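Student: Could we go through this structure together, one part at a time?
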Amino acid sequence: MKASEPEFDISELLALVARHLDVRIPEIVREMRDLLASRITDLGGDPHLVEMLQASIEGNVTTICHILANDIDLDSLQPTTAAVEYAARLAQRDVPLAALTRAYYLGQSMFLRLGMDEIERLDIPDGIRIDVVRAIADVVHRYIDWILQFVTSVHDQERRRWWNNRASLNAGIILKVLRGDTLPARGFESETGYSLTQTHVALVAWTDSSSDDQDQQRGIDQLLRKVAALLHSSAPPLVAAADRSTAWAWVAAPVMTEQSYADIAALVASHPGVRLALGDTGAGWDGFRRSHEQAVTARLVALTSPRYR
């Protein structure tokens, strides 16, 4: 009489894989940290950010292992503090959400590879092995989708809050420069992250949209960042809030050509509801002030033109 095939409990096999991975967490976290920091430029340039990246990875990997080991429902979880804090810090450092999202998907791929390596070591039939692979993939995919919803919301909220605070704080020190006050160049740069010793182009961005303030600020912020990218600026634009619907900005732009202005005009046209006035390029402190004066004048001309009215 043929002996019956042993029965396998998928949840028990998942718990076994989780235990094998759990003892390797320090090694997994280091490997994943190094991978993400090297593959995603925005994540690897700052030692403090790399340290926070490691803490976020450790929190997420530990949570996934805990889910696999104990068959925990996602509805009963809260995102790890490290993951939330890391998303907020990236927003404060102007690291785009796309970099954070890519990090999660790269981490997901690596974790699945490690999980499948552990499954290969199990002494189980191929049919059961496939079921375990499907089960672990389902858990990991659902977790990544769940955590990304949280960190995306955190990143977006923090970016808007940080933009508002930064723009308001920048306004005070910028007004001193525009008045002609003497300020240490290094002090200005340390406060704002922007150097006065370079060549700049000043911009005034505004909207008369009826949407709420946050939508207006988001539209202005997105446009200013795209202008900076278009001009191949080495740093994000310096932004100051003039009022709830108007921002002053400066972008490092060593060279402005006719094509540059044409490209900016096309960019503005693709952002309905947001308008933009520019000054000429100017170098140093005087250029900073003069370009701003020209941008303000250009805005006044636009506001009083029959076409605008």
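Tutor: Certainly; we shall take the sheet, a pair of helices, some aromatic rings and two single residues in turn, and please keep in mind that this is a predicted model.

Student: Let's start with the sheet. What is the order of the strands?
Tutor: The order is E2-E3-E1-E4 in an open sheet of four strands, and the pairing is antiparallel.

Student: Which strands are at the edges?
Tutor: E2 and E4 (275–283) are the edge strands, as each of them pairs on one side only. From one strand to the next, the twist averages 20°.

Student: And how many bridges join E1 and E4?
Tutor: Seven bridges join E1 and E4, in the antiparallel sense. One of the partnerships involves Val204, whose bridge partner in E4 is Ala277.

Student: Which helix packs on this sheet?
Tutor: H11 packs on it, touching E1, E2, E3 and E4. The direction of H11 makes about 155° with that of E4.

Student: Now E2 and E3. How many residues lie between them in the hairpin?
Tutor: Two residues lie between E2 and E3 in that hairpin. Strand E2 covers residues 238–243 and strand E3 covers residues 246–252, and they pair in the antiparallel sense over five bridges. Asp243 has Thr246 in E3 as its bridge partner.

Student: New topic: helices. At what angle do H4 and H5 cross?
Tutor: Helix H4 (residues 47–70) and helix H5 (residues 81–92) cross at roughly 145°, and their axes come within 8 Å. The crossing of H4 past H5 is left-handed.

Student: Which residues meet there?
Tutor: From H4 the contact includes His48, Leu49, Met52 and Asn60, and from H5 it includes Ala82, Tyr86, Arg89 and Leu90. The residues of this contact divide into eight nonpolar, three polar and two charged.

Student: You mentioned Asn60. Is that one buried or exposed?
Tutor: Asn60 is buried, because its relative accessible area is 8% and the cut-off for buried is under 20%. Leaving aside neighbours within four places in sequence, Asn60 is in contact with Thr80, Ala83, Tyr104, Tyr143 and Ile147.

Student: What about aromatic rings? How many aromatic pairs are there?
Tutor: The count comes to five aromatic pairs, taking rings whose centres lie within 6.5 Å. One of them joins Tyr194 and Phe288, with ring centres 6.4 Å apart and planes at 50°, so the pair is tilted.

Student: Where do those two residues sit in the chain?
Tutor: Tyr194 is in the loop between helix H8 (185–192) and strand E1 (199–206), and Phe288 is in helix H11 (residues 284–304). They are 94 residues apart, and the pair links distant parts of the chain.

Student: Are they buried or exposed?
Tutor: Tyr194 is buried, with a relative accessible area of 3%, and Phe288 counts as buried at 0%.

Student: Which residues make up their ring cluster?
Tutor: Ring pairs link Phe188, Tyr194, Trp250 and Phe288 into a cluster.

Student: One last residue: where is Leu223?
Tutor: Leu223 lies in helix H9 (residues 213–230), and at 0% relative accessibility it counts as buried.

Student: What does Leu223 touch?
Tutor: Not counting residues up to four places away in sequence, Leu223 touches Leu267, Val268, His271, Val274 and Leu276. Leu223 and Ala269 are 46 residues apart in sequence and 10 Å apart in space, C-alpha to C-alpha.

Technical notes:
Residues numbered from 1 in each chain as written. Predicted model: local features only at pLDDT ≥ 70, side-chain atom pairs only at ≥ 80, totals over all residues. Heavy atoms only, no water. Pairing = 2+ DSSP bridges. Axes fitted to C-alpha atoms, helices over the stretch in contact; angles between N-to-C directions. Left-handed = near helix turned anticlockwise from the far one by under 90°. Contact = heavy atoms within 4.5 Å. Nonpolar A, V, L, I, M, F, W, Y, C, P; charged D, E, K, R; others polar. Phe/Tyr/Trp six-rings, centres within 6.5 Å; stacked < 30°, edge-to-face > 60°. Buried < 20%, exposed > 50% of the residue type's maximum accessible area, 1.4 Å probe, protein only.
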